[in-house]
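User: Please take a close look at the interior of this protein. I should like a connected account of how its buried side chains are grouped and of any enclosed space.

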Amino acid sequence: MKKLLPLILALALVFALAACGGSTGGSEDTTASGTDAAETEETGAADATAELETLTIGASSTPHAEILEAVRDALAEAGYELNIIVYDDYIQPNLALDDGTLDANYFQHTPYLNSFNESNGTDLAVAALIHYEPFGIYANGVSDLSELAEGATIIIPADDSNETRALLLLQQEGLITLPDDASAEAGVTTLDIVDDGGYDIVAVQADTVPSQLLNSDEGTIAVINGNYALQAGLNVADALAIEDASGDAAQTYANIIAVRTGEEESEKTLALVNALQTDAVKTFIEESYNGAVVAIF
């Protein structure tokens with residue numbers, strides 16, 4: 001028995017070492033396998049991101065950039081990573097599109113684009129109509145246009161197409177008279193007014209109209225672009241008047257996707273337009289803007 005005891009102890013030690021060795025080996029294999037899986041997953045995600053082609057769009061913050069955000073996932077499914085550059089003016093996004101910084105922009109309507117091309121020698125084109133923002137007349141201390149006093153100040157945007165649009169709305173409401181042939185296509189300015197109704201019509205930079213109305217004397221009214229009204233927290237339901245949507249304003253002043261001429265049918269452009277012109281986007285616009293923005297597709 002004394003002779004067997006060392007042998008039994010030796011065998012027990014061998015089995016113990018074998019068991020420890022097997023356990024350690026299994027643990028190392030599992031860890032290595034888990035690391036490889038994690039690395040593979042991370043690599044796959046990186047590859048998926050790397051495979052997306054960047055689509056860079058210039059836009060006004062409201063509602064344009066917000067509407068673009070709503071199609072980010074749809075564009076990713078189509079193979080594009082959306083890069084939105086927000087602008088707070090109407091000049092730079094067209095210059096950036098012209099010089100190739102942007103693939104497209106979304107902030108303007110066709111009359112403004114045409115005017116910009118003519119004034120700046122650019123060659124930008126309409127790729128699609130997306131939405132329409134009714135111009136509204138908002139007031140400081142006036143609840144109805146019939147209350148507007150003689151000599152009251154009326155603030156309007158000064159740039160070519162939006163000045164035309166504002167004046168046409170004032171004529172629609174019977175506040176001023178324009179020439180018989182006045183139209184959005186031909187364009188009009190304050191110099192063309194036949195009868196100003198005794199009001200003081202002041203044209204200022206479009207993005208400053210809401211703040212100037214806020215700081216104006218009581219009894220002042222202003223014609224404000226839809227997107228600037230939204231940014232200023234103005235509700236279209238509070239407007240004293242809006243453009244007649246049954247007329248040609250909706251088509252004439254529809255906000256567009258603009259691209260460089262010749263790229264209207266490019267893969268990037270079509271991917272963007274297809275992502276935007278959907279029932280899901282139409283629903284998003286209806287639920288988000290309560291009539292201040294209207295889908296036109």
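**The interior of the model**

Analyst: In this predicted model, leucine 68 offers a suitable starting point. Setting aside the neighbours within four places in sequence, Leu68 is in contact with Ile57, Ala59, Leu82, Ile84, Tyr106, Leu272 and Leu276. Leu68 belongs to the largest nonpolar core, which has 44 residues. Together with Leu75 and Leu272, Leu68 is among the residues with the most contacts inside that core. The element that gives the most to this core is helix α10, residues 267-276, with five residues. A second core lies apart from this one and has 23 residues, including Leu145, Leu148, Leu170 and Ala241.

The account now turns from packed side chains to enclosed space. Rolling a probe the size of a water molecule over the atoms shows where empty space is left. A search of the whole structure finds one cavity of 30 Å³ or more. The space in the largest cavity is about 100 Å³. Its lining is made up of 13 residues, of which Tyr90, Phe107, His109, Asn225 and Asn255 are the closest to the centre. Three elements each give two or more residues to this lining: β3 (104-109), α6 (160-172) and α8 (226-231). Strand β3 provides the largest share, three residues. When the lining residues are sorted by class, seven are polar, four are nonpolar and two are charged.

Notes. Residues are numbered from 1 along each chain as its sequence is written. This is a predicted model: local features need pLDDT of at least 70, side-chain atom pairs count only at pLDDT 80 or more; totals for chains, interfaces and linings use all residues. Side-chain values use heavy atoms; hydrogens and water are left out. A nonpolar core is a set of buried Ala, Val, Leu, Ile, Met, Phe, Trp, Tyr and Cys residues joined through side-chain atoms within 4.5 Å. Buried means under 20% relative accessible area, exposed over 50%, partly exposed in between (1.4 Å probe, protein chains only). Helices (H or I, at least four residues) and strands (E, at least two) are DSSP runs, numbered from the N terminus. Contact means heavy atoms within 4.5 Å. On a 1 Å grid over the protein atoms alone, a cavity is a set of points where a 1.4 Å probe fits but cannot get out, and a pocket is an open set with protein on both sides within 12 Å along at least five of seven lines; lining residues have an atom within 4 Å of a point. Grid points are joined across faces, edges and corners, and a volume is the space filled by probe spheres set on the points. Ala, Val, Leu, Ile, Met, Phe, Trp, Tyr, Cys and Pro count as nonpolar, Asp, Glu, Lys and Arg as charged, and the others, Gly among them, as polar.
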